[in-house]
Each structure stands twice: as C-alpha cells, then as structure tokens.
Amino acid sequence: MKTFIAAILLLPALLCHAEDITNPRLVTVSAKLDISRDDAKRERTETTGHCVEIELRGAKSVTGELKVVTIIFAKKLPEGRLLEKESTDKITLDDQGQATVTSSTETLKYTREYDERIKTQKKGAGSKGGNKKKSTPRFKTIPASGEKYAGWAVRVYSKSGEFLGEEASASHYKLDP
C-alpha cells in the first residue's frame with residue numbers, strides 16, 4: 001500500500017519531466033514592445049522607432065547558443081501589402097535557463113492621408129473686375145504613404161535551426177497559432 005501511495009505522489013513529478021521532452025516549445029518567450037516617437041503631435045508625417053524587449057526562459061534540456069529572430073510587421077501604403085523587418089540576435093541562456101535581450105530598433109515613417117487645396121486660375125488681365133464673386137475652394141485628397149506599424153513576432157531557434165518557441169502581438173503573426 002505504501003508503494004502505491006508513493007507512486008501516486010510521484011506521478012505529477014514524472015509527468016512534468018515527460019512534458020519537457022514532448023513539448024515542442026522548449027523556450028517560453030515574454031516580450032514587450034517599446035515605441036519611440038520623434039515628431040510633434042500635429043505633424044502629417046510621423047517617424048517611429050520600434051524595438052522589442054524580450055525575456056526568455058528555457059527548459060533544462062536547452063543548452064548552447066540560441067538564435068532570436070524579431071520581426072516588425074508594417075503595412076506599405078498606399079498599396080497595403082505587409083512588410084517584414086527582421087533582426088537577429090544570438091544569445092546563450094544563463095545557469096537558471098533565462099536570458100534578456102532587446103532587439104534592434106526598426107524605424108518606420110508614415111504620412112497620413114490629407115487634403116490639399118487646388119489653386120484656381122485667375123481670370124485674364126483684361127477683365128475689369130466685373131465679377132468679384134469668389135469661387136468655392138477645391139481640394140484634392142493625397143493618399144497615405146510610407147510604412148505604418150502593424151505588429152511584431154519573436155521566434156527562437158536552436159543553433160541547428162530547430163524551432164523552440166515564439167510570441168507575437170497577434171495570433172495571425174505566429175507560425176504555430
């Protein structure tokens with residue numbers, strides 16, 4: 001009876017070790033986006049710098065050099081296609097299986113949509129000012145342009161290229177949602 005109770009008490013510990021072996025995510029990623037702005041609030045064009053502060057916690061089986069890939073996603077305007085700005089860092093986990101790294105800063109420049117006044121042509125010099133009525137101003141819309149921030153993803157790989165873990169600002173940016 002004592003061996004049965006001991007086996008039941010040891011079962012959770014055995015399952016924890018088995019999970020380390022079968023878990024494809026051997027590295028837990030915790031990340032926070034840091035944004036820096038260089039512009040005044042009322043400007044049409046804004047320039048922003050985006051970097052990600054990353055904390056990693058690895059399983060005991062994870063050793064050696066790791067490759068941390070940080071991707072900043074941006075929409076290219078006006079066409080709207082998605083761009084990926086990628087940076088890579090190589091790190092090694094400490095004795096407790098942890099590491100902290102900050103990605104390189106990716107700079108994005110974006111000009112919002114705005115209206116521009118169209119200058120009307122003046123009447124010829126021959127007119128003696130008979131029609132003093134002002135015409136209504138006309139405007140044309142200038143579309144947004146540049147690169148607008150859309151999200152981020154952090155992916156961790158072993159030296160041999162094995163996928164160990166990831167985190168992203170939204171699930172559709174993950175490789176393994």
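Let's begin with strands: helices (H or I, at least four residues) and strands (E, at least two) are DSSP runs, numbered from the N terminus. Two strands pair if DSSP finds at least two bridges between them. The model here is predicted, so local features need pLDDT of at least 70 and side-chain atom pairs count only at pLDDT 80 or more, while totals for chains, interfaces and linings use all residues. Residues are numbered from 1 along each chain as its sequence is written, and side-chain values use heavy atoms, with hydrogens and water left out.

A good place to start looking is strand E2 (residues 45-58), which is joined to strand E1 (residues 27-37) by eleven bridges, the two running antiparallel. Here Val-27 stands opposite Gly-58. E2 also runs antiparallel to strand E6 (residues 106-111), with six bridges between them, and His-50 faces Glu-106 there. Five bridges tie E2 to strand E5 (residues 98-102), again antiparallel, with Thr-102 as the bridge partner of Glu-53.

Now for the rings. Rings of Phe, Tyr and Trp (its six-membered ring) pair if their centres lie within 6.5 Å; planes under 30 degrees apart count as stacked, over 60 as edge-to-face and the rest as tilted. That rule gives two aromatic pairs. One of them, Phe-73 with Tyr-173, is stacked, at 4.3 Å centre to centre and 10° between the planes. Its partners lie 100 residues apart: Phe-73 in strand E3 (residues 65-77), Tyr-173 in the segment after strand E10 (163-168). Both Phe-73 and Tyr-173 are buried (under 20% relative accessible area, 1.4 Å probe, protein chains only; exposed is over 50%, partly exposed in between).
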